[in-house]
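Student: Hey, I've got a structure open and I'm a bit lost. Can you walk me through it?
Tutor: Sure, pull it up and we'll go through it together.

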Amino acid sequence: MVETFPPPGYIPVASAVDGIEVFMPAPAKTIPQPVSFEFKCPQCGATTFFSAIEGSLTCPNCGYQEELDKSRKGKLAQEFEFTPVTLERSALSQVEGRVDLACQACGALTSVPVTHLSHSCPFCGSNKVFQREALQDNLRPKYLIPFSITQKACADISITWMGSSWMTPRGLKDKSLLSDFTGIYLPFWTFDSVTNAAWKAEVGHDRTERYYQDGEWRTRTVTDWRWESGSVNVIIDDLIVAGTGKLSSRLVSQLIDFDLDDLVDYEPKYLAGLQAHLYDIPLEKAWENGRQQMREKTKSACLEQTSTPKVRNFSMDLDFASESWRYILLPIYLNTYRHASKSYTLMINGQSGEIAGQRPVDWNRIWLVIAVLLSPGVALGLLGIITLAVAGIGVAIGGIGFVMFIIGLAASLVILVQANKLDDI
Amino acid sequence: MNNEAEPWFYNLEAGICEECDWGFLVPVSKFPDKCPHCFRKPLSLIGENAAELPILRPPELYLPFELTDSKLSQALEAFVQGIPFSPQDLATRNLFNRLERLYLPVWLVDCRIRATWQAEVGFDYEVVSHQDHFTGGKWISKQVNEVRIRWESRIGRLDRQYKNIQAAALEEHHYIIKVLGQYAWQNTQIYKSEIINTENIRLPNRSPEDAWSDAEAALRAKTAEECFTAASAEHIRGFNWQPEFLEPNWTLLLLPVLSSYYIDDTGSKIPLFIHGQTGRIAGTRIASMKKARTVSLTILLVSAGIFIAGLLLAALSATLPILLACAVLGIALALLLGLVSVIPVASVWWFNRNSQPVRV
């Protein structure tokens with residue numbers, strides 16, 4: 001077979017049978033990683049950081065750039081199966097507590113939550129990325145999407161977004177208020193599965209029938225219920241579920257439309273100067289959320305097969321197959337601003353620039369607009385009443401006033417609902 | 001293995017049947033009148049000395065006969081029963097009295113193997129899956145653990161001695177095993193010439209060279225199994241090896257079989273084999289058409305007689321009308337018996353048509 005045995009790249013393993021030697025391919029060499037990484041410019045010693053424009057580690061002082069390995073893994077990034085051991089270890093991983101950290105540059109001691117992967121010293125500004133211990137290698141982040149939107153672009157996006165609604169206060173469009181975005185890599189789980197479902201339901205078919213009552217022929221709608229059944233197979237690829245519960249799930253869900261083709265291997269350099277958090281929602285809990293979404297998607301697919309939308313006694317059996325998961329970091333910009341003694345959060349997708357957030361509502365303006373909308377109807381109505389009383393000709397004016405009042409009321413209601421929605425987030 | 005004072009074949013002579021071409025080593029003292037396989041012709045002696053037969057190797061192991069007379073009788077009884085109009089000669093007693101004990105050979109190869117190998121070995125592991133059920137507006141979720149196989153590449157080296165790897169010594173070995181069933185190897189015993197040399201032993205008709213492909217396949221399968229055991233795995237696939245077979249040694253394993261026969265309508269001897277451990281019988285079961293025809297003819301004659309009597313009674317009824325009823329009854333009975341007379345011949349034809357021919 002080969003001249004020398006074993007060939008290079010193979011290592012011996014224990015054999016359970018005398019007279020038989022067994023060799024396996026040597027596992028890829030794991031270079032011992034330091035517990036933490038400091039990012040300093042090799043030319044001038046200043047602190048370097050990841051630049052979203054250049055896509056490299058950049059020194060703001062001398063302009064030095066260190067290229068990063070940008071080979072994209074995309075959707076081919078490795079996925080893992082749900083083994084009982086992984087689920088157990090994921091739940092056991094430390095998700096709470098803090099660690100003390102001594103800055104190697106200035107010696108300052110700061111306390112950092114254990115879920116934080118990176119840190120900038122508040123005293124000297126040096127950037128640090130940690131290698132947190134995980135009970136299993138695949139429970140460390142292995143892939144991430146690098147930031148491709150800059151902080152400056154975030155300010156522009158947020159100002160445009162704030163200006164897109166007349167309901168927000170004028171002062172919010174102030175650039176200084178919206179320029180303080182923090183780049184943060186948030187933990188996410190991605191899930192794949194094929195859902196095989198068999199469903200059964202009574203489906204209603206409406207028909208019109210004539211009947212005779214009280215001396216005349218009438219018609220009525222009757223529903224005939226018939227049992228129907230079917231099966232669906234839904235392939236769900238890379239369903240993204242948040243791995244942190246620290247941020248508004250409503251906002252996060254509006255931003256998770258990431259293009260996973262941009263996934264690259266995790267590299268601490270991508271985190272330089274940015275924040276990064278580890279998961280605090282363990283795999284099993286996130287998978288529960290993911291399964292919930294998958295089964296609702298599958299249920300919708302089943303309901304699409306019914307011959308009419310009228311359905312009762314619906315039941316289905318769902319079998320999940322080929323389930324797999326991945327743990328990734330995704331780039332998000334975060335800005336918390338204050339207005340009228342209240343805090344509001346803005347989040348921007350660091351890959352696409354999509355924005356989601358909370359906007360305060362200028363209620364004075366809302367009430368003014370509502371007053372303007374209702375006043376023509378009220379004025380015409382009053383005029384109608386007066387002219388009716390004085391000259392007996394106000395019916396038409398009153399009628400027009402009534403119609404305008406109703407229109408104004410409807411428009412006001414729509415505005416109120418939208419404003420409430422805006423204020424609620 | 002055998003008596004050191006005497007060669008292992010000291011009491012045996014080699015003979016061959018010119019009818020069925022089966023060769024035997026038979027005891028000098030009990031040289032059979034007829035071939036113990038086909039029972040048609042006597043054996044012709046071949047050579048003076050069994051050791052001169054180029055194909056022969058000494059037996060090493062044998063499986064003893066384990067059938068008691070009562071178990072044997074029961075098996076023969078079961079074979080004889082259920083045959084409509086069985087031949088006159090097909091009786092338990094006849095089969096029992098004609099029993100001949102013989103041993104069928106299987107090659108045993110001892111060999112040392114030096115090899116390098118490569119394969120993918122499989123390790124079982126569990127994954128968690130889910131099966132959900134939706135009814136009454138609620139989801140019920142059930143966790144299911146599934147076993148999957150993780151395949152990993154392994155290579156290795158092997159230097160081991162293998163003993164008693166079996167290979168067919170008869171061209172018809174696989175057919176015989178198919179019709180008689182497998183043997184239980186746990187009772188294998190060391191060959192003893194004083195016990196075996198009083199029995200008929202079938203001579204191999206496959207040389208070790210011919211049987212080597214079987215032995216090599218068995219060795220490969222055995223080695224593959226040991227390799228994944230060595231790798232502490234549960235499965236293996238894509239096993240590939242570069243073996244070197246050293247010091248091969250060929251001996252024989254003897255399997256116990258009983259033979260007997262019965263004579264059919266045409267006077268032909270129909271041989272049958274009986275598994276020496278389980279009593280399972282392989283042989284063609286033929287019903288007697290001759291017997292069936294006789295019965296059919298007898299019924300037909302009786303039917304004809306009744307018919308004629310019926311006709312006579314019908315003629316006489318012209319004078320004595322009461323006889324007409326008897327005549328009608330008689331003719332109807334005759335027609336019925338005429339139909340029944342076909343049954344014996346038809347049933348034998350049907351039985352013989354569906355009876356699986358077994359050529360041992």
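Student: Let's start with chain B. How much surface does chain B expose, and what share do carbon and sulfur atoms supply?
Tutor: Chain B exposes about 18,100 Å², and carbon and sulfur atoms supply 57% of that. Keep in mind that this is a predicted model.

Student: OK, and what percentage of its residues count as buried?
Tutor: Chain B has 360 residues, and 46% of them count as buried.

Student: How many helices and strands does chain B have?
Tutor: There are eight helices and eleven strands in chain B. Here's another angle on the fold: take the contacts in chain B between residues at least 6 apart in sequence, and 77% of them join residues at least 24 apart.

Student: Cool. Switching to salt bridges: how many are there over all chains?
Tutor: The count comes to 32 over all chains.

Student: Why do those pairs form at all?
Tutor: Side chains of opposite charge can pair when their charged atoms come close.

Student: Which residue does R148(B) pair with?
Tutor: R148(B) forms a salt bridge with E81(A), and the closest N and O atoms are 2.7 Å apart. That pair crosses between chains: R148(B) is in strand β6 of chain B, while E81(A) is in the loop between β6 and α1 of chain A. E81(A) has a relative accessible area of 26%, so it counts as partly exposed.

Student: Got one inside chain B?
Tutor: Yes, R237(B) and E120(B) form a salt bridge, with their closest N and O atoms 2.9 Å apart. This pair links distant parts of the chain, with R237(B) in strand β9 and E120(B) in strand β5, 117 residues apart.

Student: Are those two buried or exposed, or in between?
Tutor: R237(B) is partly exposed at 39% relative accessibility, and E120(B) is partly exposed too, at 31%.

Student: What about E152(B) and R154(B)?
Tutor: Their side chains meet in a salt bridge at 2.8 Å, N to O. R154(B) is buried because its relative accessible area is 5%, under the 20% cut-off. E152(B) has 21%, so it counts as partly exposed.

Student: Which residues are linked in a network of salt bridges?
Tutor: That would be K75(A), E79(A), D237(A), D238(A) and R326(A).

Student: New topic: surface patches. Which residues form the nonpolar one?
Tutor: F402(A), V403(A), I406(A), I407(A), L409(A) and L413(A), with about 570 Å² of accessible area together. I407(A) is found in helix α7 of chain A, residues 395–424. I407(A) counts as exposed because its relative accessibility is 55%.

Student: And which residues gather in the patch of negative charge?
Tutor: D257(A), D259(A), D261(A) and E354(A) gather there on the surface. D257(A) lies in the loop between α4 and β14 of chain A, and at 59% relative accessibility D257(A) is exposed.

Student: Last thing, any odd backbone spots?
Tutor: Here are three to look at. The peptide bond from F5(A) to P6(A) is cis, with omega near -5 degrees, and P6(A) is in the segment before β1 of chain A. S322(A) isn't a glycine but has a positive phi of about 50 degrees, and S322(A) is in strand β16 of chain A.

Student: And the third?
Tutor: F39(B), another residue other than glycine, has a positive phi near 60 degrees. F39(B) is in the loop between β2 and β3 of chain B, and F39(B) counts as buried at 5% relative accessibility.

Notes
Residues numbered from 1 in each chain as written. Chains lettered and ligands numbered in written order. Predicted model: local features only at pLDDT ≥ 70, side-chain atom pairs only at ≥ 80, totals over all residues. Heavy atoms only, no water. Patch = residues over 30% accessible without salt bridge, like charges linked within 9 Å, V, L, I, M, F, W, Y side chains within 5 Å. Areas by Shrake-Rupley, 256 points an atom, 1.4 Å probe, with all protein chains shown as cover. Salt bridge = Lys/Arg side-chain N within 4 Å of Asp/Glu carboxyl O. Lys, Arg positive; Asp, Glu negative; His and termini not counted. Charge placed at Lys NZ, Arg CZ, Asp CG, Glu CD. Helix = DSSP H or I, 4+ residues; strand = E, 2+ residues; numbered from the N terminus. Buried < 20%, exposed > 50% of the residue type's maximum accessible area, 1.4 Å probe, protein only. Contact = heavy atoms within 4.5 Å.
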